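Me: I would like to learn how to read a helix and the enclosed spaces of a model with some care. Could you take me through one case?

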Amino acid sequence: MKTVLITGASSGIGRELAHTFAKNNYNLILTARRKERLEDIKKDIEKTLSVSVQVIQLDLAASGSAELLYKKTNGIRVDILINNAGVGVYGDFKEIDMEKEEKMLILNIITLTKLTRLFAGDMIKAGQGNIVNIASTAAFQAVPLMASYSASKAYVLNFSEAIAHELKKYNITVTTICPGATRTEFADVASMNKSIFKNAPTAKELAEFTYKEMAKGKTIAIHSLKNRIMTFGTRFSPRKLNTAIAARIMK
Ligand SMILES: NC(=O)c1ccc[n+]([C@@H]2O[C@H](COP(=O)([O-])OP(=O)(O)OC[C@H]3O[C@@H](n4cnc5c(N)ncnc54)[C@H](OP(=O)(O)O)[C@@H]3O)[C@@H](O)[C@H]2O)c1
């Protein structure tokens, strides 16, 4: 039976990814800071399905946390790594809390990169593997009021696309998932206005989409036709105009 490691599994897309992969017969390693939540998910899954669930409580915005997570999974072969944990910081850049911003950048960029590097090494030795990195439709353009967040997701997209090319010869796929607004705890954590999340898809829809796109070996998967049209459109309109439109949406 294969094993999937999911970061940020205590809520939103990560929690639904845990249920989706369990239903598809994968053993799970789930990590996040809120241990009780992870233990509840473990209980729920193990009650109904014959898969094993291991819980690892960690703050992935702490320096050295990627190495620690890798160490804690030592001995278990991770076939699929899903770098899902991520947060947004919303607000006027000149007023943004520098500490929050730094933690976001460590989580969204540094930890994701290090985990990818560490687990890719083992996947190369095993001759196969799948890596899934959760970016965002915000990766395709500058987003005022979420300047660093959108830039962090542009990093995830570019980094993942490059290593997808590099790792292909080792039989490893790297899939970047780009959700648009999705109903999770994301907006609360980022202190955002929730109007753009009103009719947004659910975390379950995103998790099922992620599973399917990963299984197909897709390199970039943008969720929903509307988001695919919007992100494609940004290629043809002036960057300044894209930024101005994003600023209006984010207000
Ligand atoms: N929802 C959206 O509209 C949207 C759109 C585009 C992209 N995304 C991306 O989707 C991914 C999942 O987010 P979500 O929407 O499902 O949000 P969410 O419900 O807030 O879930 C975020 C997950 O990340 C974990 N996390 C946050 N900080 C962490 C830390 N320091 N260390 C370890 N784990 C941490 C949280 O667990 P703990 O708090 O328990 O640690 C939680 O499990 C993120 O990468 C996000 O950027 C979301």
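Reply: What follows deals with one helix and then with the cavities. This is a predicted model, in which local features need pLDDT of at least 70 and side-chain atom pairs count only at pLDDT 80 or more, while totals for chains, interfaces and linings use all residues. Residues are numbered from 1 along each chain as its sequence is written, and side-chain values use heavy atoms, with hydrogens and water left out.

Me: What span should helix α7 have, and how far apart are its end C-alpha atoms?
Reply: The expected span of a helix is 1.5 Å times one less than its number of residues. Helix α7 has 14 residues (203-216) and should therefore span 20 Å, which agrees with the 20 Å between its end C-alpha atoms. Just after α7, Gly217 takes a positive phi of about 75 degrees.

Me: Which residues of α7 are buried?
Reply: Buried means under 20% relative accessible area with a 1.4 Å probe, protein chains only. In α7 the buried residues are Ala203, Leu206, Ala207, Phe209, Thr210, Tyr211, Glu213 and Met214.

Me: How many cavities of 30 Å³ or more are there in the whole structure?
Reply: A cavity is a set of points, on a 1 Å grid over the protein atoms alone, where a 1.4 Å probe fits but cannot get out, and lining residues have an atom within 4 Å of a point. The search finds 2 such cavities. The largest has a volume of about 50 Å³, a volume being the space filled by probe spheres set on the points, and its lining includes Tyr90, Asn193 and Lys251. In the second largest cavity, helix α4 (residues 98-126) gives the largest share of the lining, 4 residues.

How values were computed:
Helix = DSSP H or I, 4+ residues; strand = E, 2+ residues; numbered from the N terminus. Buried < 20%, exposed > 50% of the residue type's maximum accessible area, 1.4 Å probe, protein only. 1 Å grid on protein atoms, 1.4 Å probe; cavity = no way out; pocket = protein on both sides within 12 Å on 5 of 7 lines; lining within 4 Å.
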